[in-house]
Amino acid sequence: MKTEIKAPNTPLITRSQETSPEPSEQKNRFIHSIRKVNILANIKNYILRKFQLNSAKHSAPALTETSLNLEKNRLAAKKIEQENIKTINYCKELTNDEKSHYLQLNQLGSAILKHPHYHDHVGFFRKSGNALECEKLILHLLAGKSLKDFFLNKDIVDIKILTSAYKKIAAHLIEKNFHSLEKIPESLHSLADAVQQKSALLKGIFTRDLISENDQKLLSEADSKLQYAFLSLEKTPLTLQLIIPLFAEITKNQLKNKMDAYNISICFAPNLVAKEPLTFASNNDSQIYLEALINHELKLQSYDV
């Protein structure tokens, strides 16, 4: 008797049916894949942002210091230029042509302060710029042309060309002696004598490495004499009225530019006389005069609010 084998009632499961997920499972896997991509993208963006922030932290201070210096110099130049314009306009004796020369000197001083390399320049007025370029600039300005026109179609003009031209134009104005506005004080030697007496007194004190009550009394008397000599000076020449604020501003950065009141006056003193060479004594007097004017200007500025 044959036994009949019956097939099972459950349907046969094939390989394709075994590996094919349900539609809902496919959707879940797709969503999971998208989430993984988003997570990886977020991690990448986070790393990039951290890198950019770290780079900005290292580069920002230098950029900020440079921009602050440029803005500070620009404001100082603007203030000095505006005050000098008032001083020039106050001199009613000047003709329009004469006034334009002083205004050119004033603009040149502003250009020095606003120069991109001003803050890092060492030794103002010590070294001369290219003689040919300096002469071109001087002739351009003395012809009444704008300083702005000189800068057109040029790269950055060497700051030494500006300072060299500044010295020569200042000397030209002093030599012209417009309406006695450029007369050097005749009582200048009194100031020089007072300074030299105090210097000799200080030298003796330093040599002994001891200061007595009598030394203190002598120093006080020397200071009084020096102050009286300074206040007794005749009116400051117009050119010096314009350049002293610039010199005072330059000395504020003396830690970098190495130009204190003494050094800058040594460099500029020979320009106070144009027609004949100075003797050592008179040159020394002029240097002392300039140094005193610069220090007096700094003292006045210290009271500004």
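Is K136 buried, partly exposed or exposed? In this predicted model, K136 counts as partly exposed, because its relative accessibility is 43%, and the cut-offs for that class are 20% and 50%.

## Salt bridges

K136 does not stand alone, as its side chain meets that of E133 in a salt bridge, with 3.5 Å from N to O. Both residues belong to helix α4, which spans residues 131-142, and they are three residues apart, about one turn of the helix. The partner E133 is also classed as partly exposed, because its relative accessible area is 23%.

The structure holds eight salt bridges. Three of them, including the pair just described, are set out in the table, with the N to O separation of each pair.

| Salt bridge | N to O distance |
|---|---|
| K136 and E133 | 3.5 Å |
| K160 and D158 | 3.3 Å |
| E186 and K183 | 3.4 Å |

In the pair of K160 and D158, K160 has a relative accessible area of 25% and is therefore partly exposed. D158 is likewise partly exposed, at 32% relative accessibility. In the pair of E186 and K183, E186 is exposed, because its relative accessible area is 56% and the exposed class begins over 50%. K183 has a relative accessible area of 46%, so K183 is partly exposed.

## Cysteines and helix α11

The structure holds zero disulfides. Two cysteines can be placed by their accessibility. C91 is buried, because its relative accessibility is 6% and the limit for buried residues is under 20%. C267 is buried as well, with a relative accessible area of 17%.

C267 also appears in the list of buried residues of helix α11, residues 261-268, together with A261, I264, S265 and F268. Where do these residues lie around the axis of α11? They cover an arc of only 160°, and therefore they are on the same side of the helix.

## The largest pocket

The largest pocket has a volume of about 610 Å³. Its lining is made up of 24 residues, and those nearest the centre of the pocket are Q241, I244, P245, E297 and L300. Four elements give two or more residues to this lining: α2 (23-90), α8 (213-231), α9 (238-251) and α12 (280-301). The largest share comes from α2, with six residues. Sorted by class, the lining of the largest pocket has ten nonpolar, eight charged and six polar residues.

## The second largest pocket

For the second largest pocket the volume is about 450 Å³. The lining consists of 14 residues, and V195, L226, E291, A292 and N295 are those nearest the centre. Here the elements with two or more lining residues are α7 (188-208), α8 and α12. Which element gives the most to the lining of the second largest pocket? That element is α12, with six residues. The lining divides into six nonpolar, four polar and four charged residues.

The two pockets can be related through their helices. Both α8 and α12 are listed among the elements that give two or more residues to the lining of the largest pocket, and α8 and α12 are listed again for the second largest pocket. Helix α12 carries residues 280-301; E297 and L300 are among the residues nearest the centre of the largest pocket, while E291, A292 and N295 are among those nearest the centre of the second largest pocket.

## The cavity

How many cavities of 30 Å³ or more does a search of the whole structure find? The search finds one, and about 70 Å³ of space lies in this cavity. The lining residues are A77, I80, E81, N84, L105, N106, G109, S110, L113, Y166, L242 and L246. Elements giving two or more residues to the lining are α2, α3 (96-113) and α9. Of these, α3 gives the most, with five residues. By class, the cavity lining has seven nonpolar, four polar and one charged residues.

Helices α2 and α9 thus recur in two places. Each gives two or more residues to the lining of the largest pocket, and each also gives two or more residues to the lining of the largest cavity.

Definitions and conventions: Residues are numbered from 1 along each chain as its sequence is written. This is a predicted model: local features need pLDDT of at least 70, side-chain atom pairs count only at pLDDT 80 or more; totals for chains, interfaces and linings use all residues. Side-chain values use heavy atoms; hydrogens and water are left out. A disulfide is a pair of cysteine sulfur atoms within 2.5 Å. Buried means under 20% relative accessible area, exposed over 50%, partly exposed in between (1.4 Å probe, protein chains only). On a 1 Å grid over the protein atoms alone, a cavity is a set of points where a 1.4 Å probe fits but cannot get out, and a pocket is an open set with protein on both sides within 12 Å along at least five of seven lines; lining residues have an atom within 4 Å of a point. Grid points are joined across faces, edges and corners, and a volume is the space filled by probe spheres set on the points. Ala, Val, Leu, Ile, Met, Phe, Trp, Tyr, Cys and Pro count as nonpolar, Asp, Glu, Lys and Arg as charged, and the others, Gly among them, as polar. A salt bridge is a side-chain nitrogen of Lys or Arg within 4 Å of a carboxyl oxygen of Asp or Glu. The arc is that of the directions from the helix axis to the C-beta atoms.
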